[in-house]
Amino acid sequence: MRRSKRWRRSAPSVYEGPIQDLIDELSRLPGIGPKSAQRLAFYIVKAPPEDARRLSEALLGAKDRVRFCRQCYSVAEGDLCRVCRDPSRDPSVICVVEEPKDQAAVERAGVIRGRYHVLGGAISPLEGIGPDDLRVQELLDRVQRDGVREVILATNPNLEGNATAMYVAALLKPTGILVTRLASGLPVGGDLEYADEVTLGQALEGRREM
């Protein structure tokens, strides 16, 4: 049977028993290589038993209780997430993001007072992800059902994110609602001489009157 692309081939076993099992499982996590997995494993083993117990309980609790919001598809502990339950949020404004972690980043900025819609990824033909693999139809249904007046496309400013934003915008334009895209360009505190051509070009295109 072919090995799933999601799982990397484990490094050769150096230790034995539970410690090697722990290293193998940690190395399956995204962004964790064999050396990082080994450091984490030995940190956990050396930690006080109550620390390891809290970690174990947090992992099991997350798997048992965390689900996806039935309205915006972000993470939630019940049927609706915290934002969708909040009556003070404006339901006529929807900020579209790729993943729940992106929603958290936008939320930390404290600017959006509307609600969110998590697509579950971005269009990426190389990875076999097409529009039908994303929650685009669910977004269109919300726009028609909830009287939405603005959709903010906050997908990542890369090739896949831009392609996704353009695709969603093309579907939303006929509805007549306002469709906006996050501005992208130079970071605050950055120097022009270190900016790449694409970033500088986007900053110039998105310039505004002062």
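Let me begin with the contacts in this protein: among those between residues at least 6 apart in sequence, 46% join residues at least 24 apart. Please keep in mind throughout that what we are looking at is a predicted model, with a mean pLDDT for the protein of 88 and with 93% of its residues at 70 or more.

That confidence varies along the chain, and I would like to be careful about where. By element, the highest mean is found in strand 4, residues 115-118, at 97, while the lowest is found in helix 8, residues 197-205, at 78. Outside that ranking by element, there is the stretch of residues 1-9, where pLDDT stays under 50 and for which the model has eight contacts beyond four places in sequence.

Turning to the architecture, we have eight helices and six strands, and, reading from the N terminus, their order is α-α-α-β-β-α-β-α-β-α-β-α-β-α.

As for overall dimensions, the radius of gyration of the protein is 21 Å, whereas a compact globule of 210 residues would have one near 17 Å. Along the principal axes, the C-alpha atoms fill a box of roughly 60 × 45 × 40 Å. Of the 210 residues, 31% are buried, and the accessible surface comes to about 14,800 Å², with carbon and sulfur atoms contributing 56% of that area. On the charge side, there are 31 positive and 30 negative side chains, and the centres of these two sets lie 3 Å apart.

Let me now take two individual positions, beginning with Ala-154, which sits in the loop between strand 5, residues 150-153, and helix 7, residues 159-172. Why does Ala-154 count as buried? Its relative accessibility is 6%, and the cut-off for calling a residue buried is under 20%, so Ala-154 falls into that class. Leaving aside neighbours within four places in sequence, Ala-154 is in contact with Cys-95, Val-96 and Val-97, and also with Arg-181 and Leu-182. The C-alpha atoms of Ala-154 and Ala-165, which are eleven residues apart along the chain, are separated by 7.9 Å.

The second position is Thr-199, which belongs to helix 8, and here I would recall that helix 8 is the element with the lowest mean confidence, at 78. Which residues does Thr-199 contact, once its neighbours within four places in sequence are left aside? They are Gly-185 and Leu-186. For Gly-185, which is 14 residues away from Thr-199 along the chain, the separation between the two C-alpha atoms is 5.1 Å.

Key:
Residues numbered from 1 in each chain as written. Predicted model: local features only at pLDDT ≥ 70, side-chain atom pairs only at ≥ 80, totals over all residues. Heavy atoms only, no water. pLDDT = per-residue confidence, 0-100. Helix = DSSP H or I, 4+ residues; strand = E, 2+ residues; numbered from the N terminus. Contact = heavy atoms within 4.5 Å. Rg over C-alpha atoms; globule rule 2.2 N^0.38 Å. Buried < 20%, exposed > 50% of the residue type's maximum accessible area, 1.4 Å probe, protein only. Areas by Shrake-Rupley, 256 points an atom, 1.4 Å probe, with all protein chains shown as cover. Lys, Arg positive; Asp, Glu negative; His and termini not counted. Charge placed at Lys NZ, Arg CZ, Asp CG, Glu CD.
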